[in-house]
Amino acid sequence: MTIDLSADPIALTAALVDIPSVSLGEKAIADVVERALREQTSGFEVVRRGNVVLARTNRGLPTRVVLAGHLDTVPIADNVPSRFDEDEDGQEVLHGCGTVDMKSGDAVFLHLAATVADPVHDLTLIFYDGEEIAEEHNGLGHIERDLPEWLDGDLAILGEPSGGWIEAGCQGTLRARLATKGVRAHSARAWMGDNAIHRLAPVLQRLADYRPRQVDIDGCVYREGLSATRLSAGVAGNVIPDAAELEVNFRFAPDRTIDQAIAHVREVFDGLDLTIDVVDSAPGALPGLTAPAAADLIASVNGHGGGGVRAKYGWTDVSRFAARGIPAVNFGPGDPNLAHKRDEHVPTAQITAVAAMLRDYLTGKA
(Lines give C-alpha, C1' and ligand atoms only; values in the text may rest on other atoms or scores of the structure.)
Protein backbone atom coordinates (compact mmCIF):
# COMPACT_ATOMS: atom_id res chain seq x y z
CA MET A 1 0.00 0.00 0.00
CA THR A 2 1.12 3.56 -0.66
CA ILE A 3 -0.05 6.92 0.67
CA ASP A 4 0.13 10.32 -1.02
CA LEU A 5 1.74 12.85 1.31
CA SER A 6 0.81 15.72 -1.00
CA ALA A 7 -2.89 14.86 -0.79
CA ASP A 8 -5.24 16.79 1.45
CA PRO A 9 -4.41 15.81 5.04
CA ILE A 10 -8.05 14.78 5.50
CA ALA A 11 -7.64 12.11 2.82
CA LEU A 12 -4.25 11.21 4.26
CA THR A 13 -5.83 10.70 7.69
CA ALA A 14 -8.39 8.33 6.20
CA ALA A 15 -5.63 6.39 4.43
CA LEU A 16 -3.67 5.99 7.67
CA VAL A 17 -6.77 4.88 9.58
CA ASP A 18 -7.35 2.21 6.95
CA ILE A 19 -4.00 0.63 7.85
CA PRO A 20 -4.66 -1.31 11.07
CA SER A 21 -1.91 -0.57 13.59
CA VAL A 22 -2.97 -1.83 17.01
CA SER A 23 -0.07 -1.69 19.47
CA LEU A 24 2.57 -4.35 18.72
CA GLY A 25 1.21 -4.57 15.17
CA GLU A 26 2.70 -1.39 13.68
CA LYS A 27 5.04 -2.89 11.08
CA ALA A 28 2.68 -2.40 8.13
CA ILE A 29 2.04 1.28 8.83
CA ALA A 30 5.70 1.92 9.64
CA ASP A 31 6.64 0.37 6.27
CA VAL A 32 4.19 2.66 4.47
CA VAL A 33 5.32 5.79 6.32
CA GLU A 34 9.01 5.02 5.78
CA ARG A 35 8.55 4.44 2.06
CA ALA A 36 6.49 7.60 1.65
CA LEU A 37 9.07 9.75 3.44
CA ARG A 38 11.91 8.31 1.37
CA GLU A 39 10.11 8.67 -1.96
CA GLN A 40 7.99 11.82 -1.53
CA THR A 41 10.12 14.24 0.49
CA SER A 42 13.43 15.94 -0.20
CA GLY A 43 16.22 17.06 2.09
CA PHE A 44 15.39 14.56 4.84
CA GLU A 45 17.69 11.97 6.34
CA VAL A 46 15.41 8.98 6.96
CA VAL A 47 16.24 6.26 9.50
CA ARG A 48 14.25 3.15 10.47
CA ARG A 49 14.68 1.72 13.96
CA GLY A 50 12.39 -1.23 14.62
CA ASN A 51 8.93 0.19 13.97
CA VAL A 52 10.02 3.76 14.59
CA VAL A 53 10.52 5.99 11.54
CA LEU A 54 12.81 9.02 11.94
CA ALA A 55 13.43 11.84 9.49
CA ARG A 56 15.27 15.14 9.79
CA THR A 57 16.63 18.01 7.76
CA ASN A 58 20.05 19.52 8.28
CA ARG A 59 19.82 22.91 6.54
CA GLY A 60 21.86 24.76 9.17
CA LEU A 61 18.87 26.83 10.24
CA PRO A 62 19.06 28.57 13.64
CA THR A 63 16.27 26.54 15.25
CA ARG A 64 14.96 22.98 15.14
CA VAL A 65 11.38 21.86 15.68
CA VAL A 66 10.53 18.23 16.50
CA LEU A 67 7.20 16.85 15.27
CA ALA A 68 6.42 13.57 16.99
CA GLY A 69 3.45 11.23 16.83
CA HIS A 70 2.69 7.62 17.65
CA LEU A 71 1.48 5.26 14.95
CA ASP A 72 -0.28 2.72 17.15
CA THR A 73 -3.91 2.62 18.23
CA VAL A 74 -5.97 0.84 20.83
CA PRO A 75 -7.75 -2.34 19.65
CA ILE A 76 -10.15 -1.86 16.75
CA ALA A 77 -13.84 -1.79 17.73
CA ASP A 78 -15.61 -2.34 14.41
CA ASN A 79 -14.34 1.12 13.39
CA VAL A 80 -11.95 0.33 10.55
CA PRO A 81 -12.08 1.14 7.66
CA SER A 82 -12.72 4.85 8.05
CA ARG A 83 -15.92 6.50 6.92
CA PHE A 84 -17.12 10.06 6.38
CA ASP A 85 -20.33 11.39 7.88
CA GLU A 86 -21.96 14.62 9.05
CA ASP A 87 -22.56 15.69 12.63
CA GLU A 88 -25.80 17.18 13.91
CA ASP A 89 -24.66 20.62 12.71
CA GLY A 90 -24.06 19.39 9.19
CA GLN A 91 -20.26 19.51 9.53
CA GLU A 92 -18.19 16.76 7.93
CA VAL A 93 -16.55 14.30 10.34
CA LEU A 94 -14.24 11.35 9.77
CA HIS A 95 -14.93 8.21 11.82
CA GLY A 96 -12.47 5.46 12.57
CA CYS A 97 -10.00 4.00 15.04
CA GLY A 98 -7.16 6.49 15.46
CA THR A 99 -8.89 9.44 13.78
CA VAL A 100 -8.44 11.33 17.06
CA ASP A 101 -5.59 9.48 18.75
CA MET A 102 -3.65 10.27 16.70
CA LYS A 103 -3.54 9.53 13.01
CA SER A 104 -4.96 12.94 12.11
CA GLY A 105 -1.96 14.52 13.85
CA ASP A 106 0.38 12.11 12.04
CA ALA A 107 -1.25 12.99 8.72
CA VAL A 108 -0.72 16.70 9.29
CA PHE A 109 2.96 16.17 10.09
CA LEU A 110 3.53 13.93 7.07
CA HIS A 111 1.70 16.32 4.74
CA LEU A 112 3.77 19.30 5.93
CA ALA A 113 7.03 17.36 5.58
CA ALA A 114 6.24 16.81 1.90
CA THR A 115 4.77 20.21 1.06
CA VAL A 116 6.64 22.86 3.08
CA ALA A 117 9.50 23.76 0.74
CA ASP A 118 11.23 26.49 2.72
CA PRO A 119 10.76 26.06 6.46
CA VAL A 120 12.34 28.60 8.79
CA HIS A 121 13.26 25.79 11.21
CA ASP A 122 15.13 22.57 10.65
CA LEU A 123 12.66 19.73 11.16
CA THR A 124 12.81 16.40 12.93
CA LEU A 125 9.96 13.92 12.51
CA ILE A 126 9.49 10.95 14.82
CA PHE A 127 6.75 8.40 14.15
CA TYR A 128 6.84 5.74 16.85
CA ASP A 129 5.18 2.60 18.10
CA GLY A 130 3.94 1.25 21.41
CA GLU A 131 2.56 4.43 22.98
CA GLU A 132 -0.81 2.98 23.96
CA ILE A 133 0.58 0.11 26.04
CA ALA A 134 3.18 -0.53 28.75
CA GLU A 135 6.15 1.83 28.94
CA GLU A 136 8.59 -0.92 28.00
CA HIS A 137 7.14 -0.93 24.46
CA ASN A 138 7.18 2.83 23.88
CA GLY A 139 9.22 3.50 20.74
CA LEU A 140 9.97 7.08 21.71
CA GLY A 141 11.43 5.79 24.95
CA HIS A 142 13.65 3.43 22.95
CA ILE A 143 14.88 6.33 20.80
CA GLU A 144 15.49 8.42 23.91
CA ARG A 145 17.70 5.63 25.23
CA ASP A 146 19.48 4.58 22.04
CA LEU A 147 19.48 7.68 19.78
CA PRO A 148 18.91 10.59 22.18
CA GLU A 149 20.24 13.21 19.77
CA TRP A 150 17.09 12.69 17.67
CA LEU A 151 15.06 14.30 20.46
CA ASP A 152 17.11 17.51 20.44
CA GLY A 153 15.42 20.72 19.34
CA ASP A 154 14.17 24.14 20.34
CA LEU A 155 10.53 23.03 20.52
CA ALA A 156 8.79 19.66 20.37
CA ILE A 157 5.21 19.37 19.14
CA LEU A 158 3.38 16.13 19.96
CA GLY A 159 0.40 15.56 17.68
CA GLU A 160 -1.80 14.36 20.53
CA PRO A 161 -5.45 15.39 20.16
CA SER A 162 -6.06 18.81 21.68
CA GLY A 163 -9.00 20.15 19.68
CA GLY A 164 -6.77 22.70 17.97
CA TRP A 165 -5.67 24.15 21.32
CA ILE A 166 -2.06 24.26 22.43
CA GLU A 167 -2.09 22.01 25.48
CA ALA A 168 1.13 22.88 27.24
CA GLY A 169 3.24 20.58 29.34
CA CYS A 170 1.53 17.77 31.21
CA GLN A 171 0.79 16.51 34.68
CA GLY A 172 3.04 14.08 36.46
CA THR A 173 1.60 10.80 37.69
CA LEU A 174 2.36 8.57 40.64
CA ARG A 175 0.76 5.34 41.84
CA ALA A 176 1.24 4.16 45.40
CA ARG A 177 0.03 1.08 47.26
CA LEU A 178 -1.18 1.63 50.83
CA ALA A 179 -1.27 -1.56 52.90
CA THR A 180 -2.78 -2.29 56.29
CA LYS A 181 -2.33 -5.35 58.52
CA GLY A 182 -4.76 -7.01 60.88
CA VAL A 183 -5.44 -10.37 62.49
CA ARG A 184 -7.38 -13.10 60.73
CA ALA A 185 -10.36 -14.69 62.53
CA HIS A 186 -13.67 -16.40 61.88
CA SER A 187 -16.34 -13.79 61.18
CA ALA A 188 -18.61 -15.45 63.78
CA ARG A 189 -15.98 -14.48 66.35
CA ALA A 190 -14.97 -11.16 64.82
CA TRP A 191 -13.81 -9.75 68.18
CA MET A 192 -10.93 -12.22 68.08
CA GLY A 193 -9.57 -10.63 64.92
CA ASP A 194 -8.50 -7.21 63.68
CA ASN A 195 -10.12 -6.26 60.36
CA ALA A 196 -7.52 -4.88 57.96
CA ILE A 197 -10.27 -3.43 55.73
CA HIS A 198 -11.65 -1.40 58.62
CA ARG A 199 -8.16 0.00 59.16
CA LEU A 200 -8.50 1.68 55.77
CA ALA A 201 -11.38 3.84 57.02
CA PRO A 202 -9.14 6.77 58.10
CA VAL A 203 -7.25 6.49 54.78
CA LEU A 204 -10.49 6.85 52.81
CA GLN A 205 -11.57 9.73 55.05
CA ARG A 206 -8.38 11.62 54.29
CA LEU A 207 -8.94 11.08 50.60
CA ALA A 208 -12.53 12.32 50.92
CA ASP A 209 -11.34 15.43 52.76
CA TYR A 210 -8.40 16.09 50.42
CA ARG A 211 -8.42 19.44 48.66
CA PRO A 212 -6.15 19.44 45.60
CA ARG A 213 -4.07 22.38 44.45
CA GLN A 214 -4.68 24.43 41.33
CA VAL A 215 -1.43 25.85 40.02
CA ASP A 216 -1.02 28.61 37.40
CA ILE A 217 2.16 28.19 35.34
CA ASP A 218 2.69 30.42 32.31
CA GLY A 219 -1.03 31.13 32.28
CA CYS A 220 -1.92 27.41 32.28
CA VAL A 221 -3.87 26.13 35.28
CA TYR A 222 -3.01 22.59 36.34
CA ARG A 223 -5.46 20.83 38.67
CA GLU A 224 -4.03 18.13 40.88
CA GLY A 225 -5.91 15.06 42.07
CA LEU A 226 -5.35 12.29 44.62
CA SER A 227 -7.75 9.38 44.16
CA ALA A 228 -8.29 5.80 45.26
CA THR A 229 -8.30 3.63 42.15
CA ARG A 230 -8.15 0.02 43.33
CA LEU A 231 -8.91 -2.00 46.50
CA SER A 232 -7.73 -5.50 47.26
CA ALA A 233 -8.74 -7.38 50.42
CA GLY A 234 -10.50 -10.42 51.79
CA VAL A 235 -10.02 -14.17 51.43
CA ALA A 236 -13.52 -15.57 52.05
CA GLY A 237 -16.98 -14.45 53.03
CA ASN A 238 -16.61 -15.77 56.59
CA VAL A 239 -13.08 -14.62 57.35
CA ILE A 240 -11.95 -11.38 58.98
CA PRO A 241 -9.17 -10.24 56.62
CA ASP A 242 -5.67 -9.74 57.98
CA ALA A 243 -4.42 -7.68 55.01
CA ALA A 244 -5.82 -4.98 52.75
CA GLU A 245 -4.30 -2.84 50.00
CA LEU A 246 -5.55 0.40 48.50
CA GLU A 247 -3.97 1.85 45.36
CA VAL A 248 -3.99 5.61 44.97
CA ASN A 249 -3.12 7.72 41.95
CA PHE A 250 -1.68 11.21 42.38
CA ARG A 251 -1.83 13.48 39.33
CA PHE A 252 0.43 16.39 40.17
CA ALA A 253 1.28 19.75 38.64
CA PRO A 254 4.60 19.94 36.79
CA ASP A 255 6.11 22.31 39.35
CA ARG A 256 6.56 19.26 41.61
CA THR A 257 9.36 16.75 41.12
CA ILE A 258 8.66 13.06 41.58
CA ASP A 259 10.43 13.16 44.97
CA GLN A 260 8.25 16.09 46.03
CA ALA A 261 5.13 14.25 44.84
CA ILE A 262 6.11 11.16 46.86
CA ALA A 263 6.76 13.32 49.92
CA HIS A 264 3.34 14.94 49.52
CA VAL A 265 1.54 11.58 49.39
CA ARG A 266 3.36 10.43 52.50
CA GLU A 267 2.44 13.69 54.23
CA VAL A 268 -1.26 13.24 53.41
CA PHE A 269 -1.33 9.88 55.19
CA ASP A 270 1.17 10.74 57.93
CA GLY A 271 0.38 9.20 61.34
CA LEU A 272 -1.74 6.32 60.02
CA ASP A 273 -0.80 2.71 60.69
CA LEU A 274 0.04 1.55 57.18
CA THR A 275 2.88 1.06 54.73
CA ILE A 276 3.24 3.09 51.54
CA ASP A 277 5.03 1.69 48.50
CA VAL A 278 5.39 3.66 45.28
CA VAL A 279 4.42 1.41 42.37
CA ASP A 280 5.42 3.69 39.49
CA SER A 281 5.78 7.34 38.60
CA ALA A 282 6.48 9.68 35.71
CA PRO A 283 7.44 13.36 35.90
CA GLY A 284 5.28 16.15 34.56
CA ALA A 285 6.41 18.69 31.97
CA LEU A 286 6.51 22.44 32.48
CA PRO A 287 4.80 24.36 29.66
CA GLY A 288 7.91 26.29 28.59
CA LEU A 289 5.77 28.82 26.72
CA THR A 290 8.24 31.65 27.24
CA ALA A 291 10.73 30.02 24.85
CA PRO A 292 10.89 31.96 21.54
CA ALA A 293 9.95 28.95 19.41
CA ALA A 294 6.90 28.30 21.58
CA ALA A 295 5.86 31.97 21.46
CA ASP A 296 5.91 31.87 17.66
CA LEU A 297 3.63 28.81 17.67
CA ILE A 298 1.19 30.59 19.97
CA ALA A 299 1.17 33.58 17.59
CA SER A 300 0.34 31.30 14.66
CA VAL A 301 -2.52 29.64 16.51
CA ASN A 302 -3.92 32.98 17.66
CA GLY A 303 -3.58 34.41 14.15
CA HIS A 304 -5.81 31.64 12.80
CA GLY A 305 -8.40 32.01 15.54
CA GLY A 306 -7.36 28.74 17.16
CA GLY A 307 -8.35 27.62 20.62
CA GLY A 308 -5.46 29.29 22.43
CA VAL A 309 -3.39 27.79 25.24
CA ARG A 310 -4.40 25.60 28.17
CA ALA A 311 -2.88 23.06 30.53
CA LYS A 312 -2.67 19.40 29.52
CA TYR A 313 -4.48 17.11 31.94
CA GLY A 314 -2.93 13.69 31.92
CA TRP A 315 0.57 12.47 31.07
CA THR A 316 1.99 12.45 27.56
CA ASP A 317 5.39 11.96 25.97
CA VAL A 318 6.04 15.73 26.13
CA SER A 319 7.54 14.80 29.50
CA ARG A 320 10.48 13.14 27.78
CA PHE A 321 11.39 16.36 26.00
CA ALA A 322 10.84 18.58 29.03
CA ALA A 323 13.22 16.40 31.04
CA ARG A 324 15.87 17.28 28.44
CA GLY A 325 15.15 21.01 28.81
CA ILE A 326 13.21 21.20 25.53
CA PRO A 327 9.87 23.08 25.58
CA ALA A 328 7.13 20.72 24.43
CA VAL A 329 3.41 21.03 23.71
CA ASN A 330 0.53 18.83 22.64
CA PHE A 331 -1.14 20.16 19.50
CA GLY A 332 -3.37 18.24 17.13
CA PRO A 333 -6.87 17.80 15.73
CA GLY A 334 -9.57 15.94 17.61
CA ASP A 335 -11.35 16.00 20.93
CA PRO A 336 -9.26 14.00 23.44
CA ASN A 337 -12.49 12.90 25.15
CA LEU A 338 -13.29 10.85 22.03
CA ALA A 339 -9.97 8.99 22.01
CA HIS A 340 -10.31 5.20 22.30
CA LYS A 341 -14.10 5.29 21.92
CA ARG A 342 -16.00 3.04 19.54
CA ASP A 343 -17.42 6.14 17.81
CA GLU A 344 -14.05 7.93 17.66
CA HIS A 345 -14.27 10.71 15.08
CA VAL A 346 -12.71 14.04 14.16
CA PRO A 347 -14.20 17.10 12.43
CA THR A 348 -12.40 17.35 9.11
CA ALA A 349 -12.32 21.15 9.39
CA GLN A 350 -10.13 20.74 12.46
CA ILE A 351 -7.56 18.77 10.47
CA THR A 352 -7.47 21.55 7.87
CA ALA A 353 -7.16 24.26 10.53
CA VAL A 354 -4.30 22.57 12.42
CA ALA A 355 -2.43 21.99 9.15
CA ALA A 356 -2.81 25.68 8.23
CA MET A 357 -1.64 26.90 11.64
CA LEU A 358 1.42 24.66 11.59
CA ARG A 359 2.22 25.57 7.98
CA ASP A 360 2.31 29.27 8.87
CA TYR A 361 4.42 28.53 11.92
CA LEU A 362 6.95 26.43 10.02
CA THR A 363 7.24 28.97 7.21
CA GLY A 364 7.52 32.00 9.50
CA LYS A 365 4.19 33.56 8.48
CA ALA A 366 2.76 33.59 12.01
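Which residue in strand 19 stands opposite Val93? In this predicted model, the residue opposite Val93 is Pro347. Val93 belongs to strand 5, which spans residues 92–95. Strand 5 and strand 19 run antiparallel and are joined by three bridges.

These two strands are part of an open sheet of three strands. The strand order is 4-5-19, and the pairing is antiparallel. Strand 4 (83–86) and strand 19 (345–347) stand at the edges. Each has a single partner strand, so one side of each is left without a neighbour in the sheet. On average, neighbouring strands of this sheet are turned by 30° against each other, direction ignored.

Two helices lie across strands of this sheet. Helix 3, residues 99–115, lies across strand 5 and strand 19. Its direction is at about 50° to strand 19. Helix 9, residues 348–362, lies across strand 4, strand 5 and strand 19. Helix 9 runs at about 60° to strand 19.

A hairpin is formed by strand 11 and strand 12, with two residues between the strands. In this hairpin, Asp218 takes a positive phi near 55°. Strand 11 covers residues 214–217, and strand 12 covers residues 220–223. The two strands pair in the antiparallel sense over four bridges. Within strand 12, Tyr222 is the bridge partner of Val215.

The faces of strand 11 can also be described. In a regular strand the side chains alternate between the two faces of the sheet. In strand 11, Val215 and Ile217 make up a covered face. Gln214 and Asp216 make up an uncovered one. Val215 thus belongs to the covered face and has its bridge partner, Tyr222, in strand 12.

Terms used
Residues are numbered from 1 along each chain as its sequence is written. This is a predicted model: local features need pLDDT of at least 70, side-chain atom pairs count only at pLDDT 80 or more; totals for chains, interfaces and linings use all residues. Side-chain values use heavy atoms; hydrogens and water are left out. Two strands pair if DSSP finds at least two bridges between them. Axes are lines fitted to C-alpha atoms, for helices over the stretch in contact, and angles run from 0 to 180 degrees between N-to-C directions. Contact means heavy atoms within 4.5 Å. Buried means under 20% relative accessible area, exposed over 50%, partly exposed in between (1.4 Å probe, protein chains only).
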